[in-house]
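Q: Hi! Could you walk me through this one?

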Amino acid sequence: EKPLSVRLLTNMESNLLGNIATLLYDEGKTTDAIQILPFLKGFYENTELDFAERAAHYPVVAYNLSCCIGREGRYTEAIELCSNAIQMAVQAGQLDAFPLLLYNKGFCLLQLGNTEAGKTCITQAITIMQAMGQEEAAAWMAQDINERFATHLPITVALDESRRSLFLRD
């Protein structure tokens with residue numbers, strides 16, 4: 001039998017691994033989630049899949065991994081990961097992950113002190129979420145950034161406190 005690193009995963013197996021990583025992240029077990037997500041990232045980068053199949057999953061995996069490594073303070077690495085996944089999301093029209101990748105890239109830029117570029121990414125993410133009818137997510141983004149960085153981004157929608165995590169489930 002082929003080792004797991006070269007074996008083709010089914011969609012169900014990939015989704016299960018991604019969801020396990022999501023649960024670990026939500027429970028604060030970032031290190032455990034990081035054990036899974038780089039494998040999935042490598043799978044989508046290195047396996048011979050058609051572009052549509054890769055593009056359907058890679059931006060979500062990249063976003064989730066960028067959340068984990070960002071939580072560990074690895075902001076430069078998270079920015080690079082988000083930038084690469086943003087390109088793929090745009091090419092593929094993968095709109096679910098696109099604004100979240102922009103948000104996380106902006107968050108990491110702000111953490112590194114690159115205020116203008118960070119605010120630009122965050123504002124774009126909020127605008128896209130609003131255009132997609134995701135008002136609660138847009139409000140959460142603005143509130144989170146305003147609380148962490150004292151940057152007041154315009155947003156007028158009330159936040160539902162029960163949605164504190166934007167970690168994606170594939």
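A: Happy to; we can start with some ground rules and then take your questions. This is a predicted model, where local features need pLDDT of at least 70, side-chain atom pairs count only at pLDDT 80 or more, and totals for chains, interfaces and linings use all residues. Residues are numbered from 1 along each chain as its sequence is written, and side-chain values use heavy atoms, with hydrogens and water left out.

Q: Cool. Is H5 mostly covered or exposed?
A: Mostly covered: twelve of its 14 residues are buried, among them Phe98, Tyr103 and Cys108. Buried means under 20% relative accessible area, exposed over 50% and partly exposed in between (1.4 Å probe, protein chains only). Helices are DSSP runs (H or I, at least four residues), numbered from the N terminus.

Q: And what do the buried residues of H5 pack against?
A: Helices H3 (51–71), H4 (75–92), H6 (115–131) and H7 (135–149); contact means heavy atoms within 4.5 Å.

Q: What comes just after H5?
A: Gly113, with a positive phi of about 85°.

Q: Switching topic: how many salt bridges are there?
A: Five, each a side-chain nitrogen of Lys or Arg within 4 Å of a carboxyl oxygen of Asp or Glu. One of them joins Lys41 and Glu45 at 3.0 Å, N to O.

Q: Where do Lys41 and Glu45 sit?
A: In helix H2 (residues 30–46), four residues apart, so they are separated by about one helical turn. Lys41 is partly exposed at 21% relative accessibility, and Glu45 is partly exposed at 37%.

Q: Which residues form a network?
A: Glu72, Arg74 and Glu77 are linked by salt bridges, with Glu72 and Arg74 meeting at 2.9 Å, N to O.

How values were computed. Helix = DSSP H or I, 4+ residues; strand = E, 2+ residues; numbered from the N terminus.
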